[in-house]
Amino acid sequence: MKFPKKVKRYCPSCKKHTEMRIVHSKSGRKRGSLKGGQRRHKRRSGIKGYGGFPQPKIEKGSKYGAKQTKKTDFRYECSVCKRMVTSAKGGKRLKKVEISQ
Ligand SMILES: [Zn+2]
């Protein structure tokens, strides 16, 4: 889905609608290989016990499984005060996100 680069949104610090730049935040850098929770997850999702903890494995024709889409995580930067504003609604589930130039 395509999104415009600039939108008019309400800025809580300017207390009015201003033009804002959309920034699609990328997931952060991973810390080293396998720390705490990851190690636990690997142990639990291993051969032992229930196979797909915490999310069931994808099987063809099954309605259960890991999600195939990710929620968008848009931040908006106010062009007047340069403050970052996050969307209150949270993201949409989309397979592909494009911000047009
Ligand atoms: Zn502002």
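Me: How many helices and strands are there in the chain?
Reply: This is a predicted model. Read along the sequence, the pattern is β-β-β-α-β-β-β-β-β. The chain thus holds one helix and eight strands.

Me: Which strands form the open sheet, and in what order?
Reply: Four strands take part, and their pairing is antiparallel. Strands of a sheet pair through backbone hydrogen bonds. The order in this open sheet is 2-3-5-6.

Me: Which strands stand at the edges of the sheet?
Reply: The sheet is open, with the order 2-3-5-6. An edge strand here has a single partner strand, so one side of it is left without a neighbour in the sheet. The edges are strand 2 and strand 6.

Me: What does the twist average from one strand to the next?
Reply: The sheet in question is the antiparallel one, ordered 2-3-5-6. From one strand to the next, its twist averages 45°.

Me: In strand 3, which residue is the bridge partner of Lys 6?
Reply: Strand 2 and strand 3 run antiparallel, joined by six bridges. One of the residue pairs involves Lys 6, whose partner in strand 3 is Arg 21.

Me: Which residues coordinate the zinc ion?
Reply: The donors follow the spacing C-x2-C-x63-C-x2-C along the chain. Each donor is an SG atom, and the distances run from 2.2 to 2.4 Å. The residues are Cys 11, Cys 14, Cys 78 and Cys 81.

Me: What is the arrangement of the four donor atoms around the zinc ion?
Reply: The test is angular: four donors count as tetrahedral if all angles lie between 85 and 135 degrees. Here the angles are 103 to 120°, which makes the arrangement tetrahedral.

Me: How many residues apart in sequence are the parts that Cys 14 and Cys 81 tie together?
Reply: Both residues coordinate the zinc ion. Cys 14 lies in the loop between strand 2 (6–11) and strand 3 (16–24). Cys 81 lies in the loop between strand 5 (74–78) and strand 6 (84–86). The pair therefore ties together parts that are 67 residues apart in sequence.

Me: What is the relative accessibility of Cys 81?
Reply: Cys 14 counts as partly exposed, at 22%. Cys 81 also falls in the partly exposed class. Its relative accessibility is 28%.

Me: How far apart in space are Glu 19 and Val 80, C-alpha to C-alpha?
Reply: Glu 19 is found in strand 3 and is partly exposed, with a relative accessible area of 40%. Among the residues it touches are Lys 6, Glu 77 and Cys 78, the last of these a zinc donor. Glu 19 and Val 80 are 61 residues apart in sequence. In space, the C-alpha to C-alpha distance is 7.8 Å.

Me: Is Thr 72 buried or exposed?
Reply: Thr 72 is found in the loop between strand 4 (70–71) and strand 5. Beyond four places in sequence, it touches His 24, Gly 91, Lys 92, Leu 94 and Val 97. The cut-off for burial is under 20% relative accessible area. At 9%, Thr 72 therefore counts as buried.

Me: Arg 93 and Lys 71 are how far apart in space, C-alpha to C-alpha?
Reply: Arg 93 has its place in strand 7 (residues 93–94) and counts as partly exposed, at 39% relative accessibility. Its contacts beyond four places in sequence are Lys 67, Thr 69, Lys 70 and Lys 71. Arg 93 and Lys 71 are 22 residues apart in sequence. Their C-alpha atoms are separated by 4.4 Å.

Notes: Residues are numbered from 1 along each chain as its sequence is written. This is a predicted model: local features need pLDDT of at least 70, side-chain atom pairs count only at pLDDT 80 or more; totals for chains, interfaces and linings use all residues. Side-chain values use heavy atoms; hydrogens and water are left out. Donors are N, O and S atoms within 2.8 Å of the metal (3.2 Å for Na, K and Ca); water is not among the atoms, so sites may look incomplete. Four donors count as tetrahedral if all angles lie between 85 and 135 degrees; four count as square planar and six as octahedral if opposite donors are over 155 degrees apart and all others between 65 and 115; anything else is irregular. Helices (H or I, at least four residues) and strands (E, at least two) are DSSP runs, numbered from the N terminus. Buried means under 20% relative accessible area, exposed over 50%, partly exposed in between (1.4 Å probe, protein chains only). Two strands pair if DSSP finds at least two bridges between them. Axes are lines fitted to C-alpha atoms, for helices over the stretch in contact, and angles run from 0 to 180 degrees between N-to-C directions. Contact means heavy atoms within 4.5 Å.
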